[in-house]
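Thank you for making time this morning. I would like to take you through one helix and one annotated site, and I will give the cut-offs as we go.

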Amino acid sequence: MHELVGALRSYAWGSRTALAELCGREVPSAHPEAELWFGAHPADPAKIVADGRSRSLLELIESEPSRELGSVASAFDGRLPFLLKILAAEEPLSLQAHPSADQARHGFERENHARVPLDSPMRNYRDDSHKPELVVALDRFEALAGFRDPLRTVDLLNSLAVPELVQYTELLAAQPDSGGLRTLFTTWITLPQAMLAGLLPKVLDGCVRYLKQVDPLETPGQSKEFAAEARTTLELAEAYPGDAGVLAALLLNRITLEPGQGLFLAAGSLHAYLRGIGVEIMANSDNVLRGGLTPKHVDVPELLRVLDFEPLRLPIIEPEPAGPGSFRYRTPAPEFALRRFELPEAAEPMEIPRTGPGIMLVTAGTVRLSQGADELTIGAGSAAWISAGDTDIRARALGGPAQLFCACVGE
């Protein structure tokens, strides 16, 4: 086992405080800090620290795949199949979805054939992998994810009382299924700018009126059913004025995760993280198809090719108890599995079960990992690489309670 130093990535939507505070660094940070990558993705691999020197985890795995990955090497073409991150969003991320395995493979081949450089901002497919993902909230985490039940969306649109929305509301009410959602989403996301400039301000006015009507100080007892959706629409419009993604966001489930809850997103699930800090694990991919709410490359036709328009119940993953202080997050993804461990102060070392190679990430407190006589101490925001041959890993909190996540290959 070795200390693993994450690759820090700065994006405009990141936080100047969340990651710095978690890692015990000076606050505020010089730049918005959005993600800390712990993995072996070629775009930004983490660094192994051993004997006072650092080495890319990707380089280590490529040099000794059988030793580091074990049987995973043959199952996943010599690659670590997952990427672990800490994500900190101060502002909304783009409206996006990820491709299936077939879509990713064909898209990657297509753009390679067209000789689109891998680092081009116009590139959709930076690798040939799909990207199912799971985020677990470390604090309250807000998101839009999956298409809401169409009939509830009809209720939402009617609640805004915007005459200019009537034709769209009637369209969805006449076909309250995936076909109706596809038609309405496609209509809104491709609206000519002149029509969007006329419709969007009316919708925003409707949101303001609705929020005033549901203010309990003004109208006691009135339902606040869609207050969060209305506020989010106004916030998105302020961050991205004139963006068709603001309208499209009205079709999605508005989700709040409490600490410890997870959100799983399969291929084709339209989503946008709004704010919060969480641990995120995904297939080892950086493929993103964007539809709006971003200054980055937007490719609506390609996004429409990968989207799943089936209405989605709130895709919240509740942690399953898996022993004292141990919680498991079940997903159908074969590339990854994630467990959370709450380590009490002054307790006996806890065994950390896993499948194949793993990454141990500390998100609170300080943890001492041990394997026989070998020990490694890591603090919040730090991680350890556990190769496939490292067995009987145990963890113990030092100086107070601690929280540890273990990422490994799915069963």
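I will begin with how the model was handled, then turn to the helix, and then to the annotated residues.

What you see is a predicted model, in which local features need pLDDT of at least 70 and side-chain atom pairs count only at pLDDT 80 or more, while totals for chains, interfaces and linings use all residues. Residues are numbered from 1 along each chain as its sequence is written, and side-chain values use heavy atoms, with hydrogens and water left out.

Let us start with helix α6, residues 150-159, where helices are DSSP runs of H or I with at least four residues, strands are runs of E with at least two, and both are numbered from the N terminus. Pro150, Thr153, Val154, Leu156 and Leu157 are buried in this helix, buried being under 20% relative accessible area with a 1.4 Å probe and protein chains only. These residues lie on the same side of α6, because they cover an arc of only 160° around the axis, the arc being that of the directions from the helix axis to the C-beta atoms. The buried residues of α6 pack against α7 (166-174), α8 (178-189) and α10 (227-239). At the N-terminal end, aspartate 149 acts as a cap, with a side-chain oxygen 2.9 Å from the backbone nitrogen of leucine 151, and just after α6, alanine 161 takes a positive phi of about 55°.

Now to the annotated site. According to the unreviewed UniProt entry, the annotation "binding site" covers Gln96, His98, Glu133 and His271, and I would add that such annotations may be inferred rather than shown by experiment. Although these residues are spread over 176 residues of sequence, they cluster in space, with a largest C-alpha distance of 12.6 Å.

Glutamine 96 lies in strand β7, residues 95-97, and is buried, at a relative accessible area of 10%. Setting aside neighbours within four places in sequence, glutamine 96 is in contact (heavy atoms within 4.5 Å) with Ser269, Leu270, His271, Val288, Leu289 and Arg290.

Histidine 98, by contrast, sits in the loop between β7 and α5 (101-113), and is buried, with a relative accessible area of 1%. Not counting residues up to four places away in sequence, histidine 98 touches several residues, among them Lys131, Glu133, His271 and Asn287.

Key: Buried means under 20% relative accessible area, exposed over 50%, partly exposed in between (1.4 Å probe, protein chains only). A polar contact is a pair of N or O atoms within 3.5 Å; within protein, one must be able to donate a hydrogen and the other to accept it, and residues adjacent in sequence count only if both atoms are side-chain atoms.
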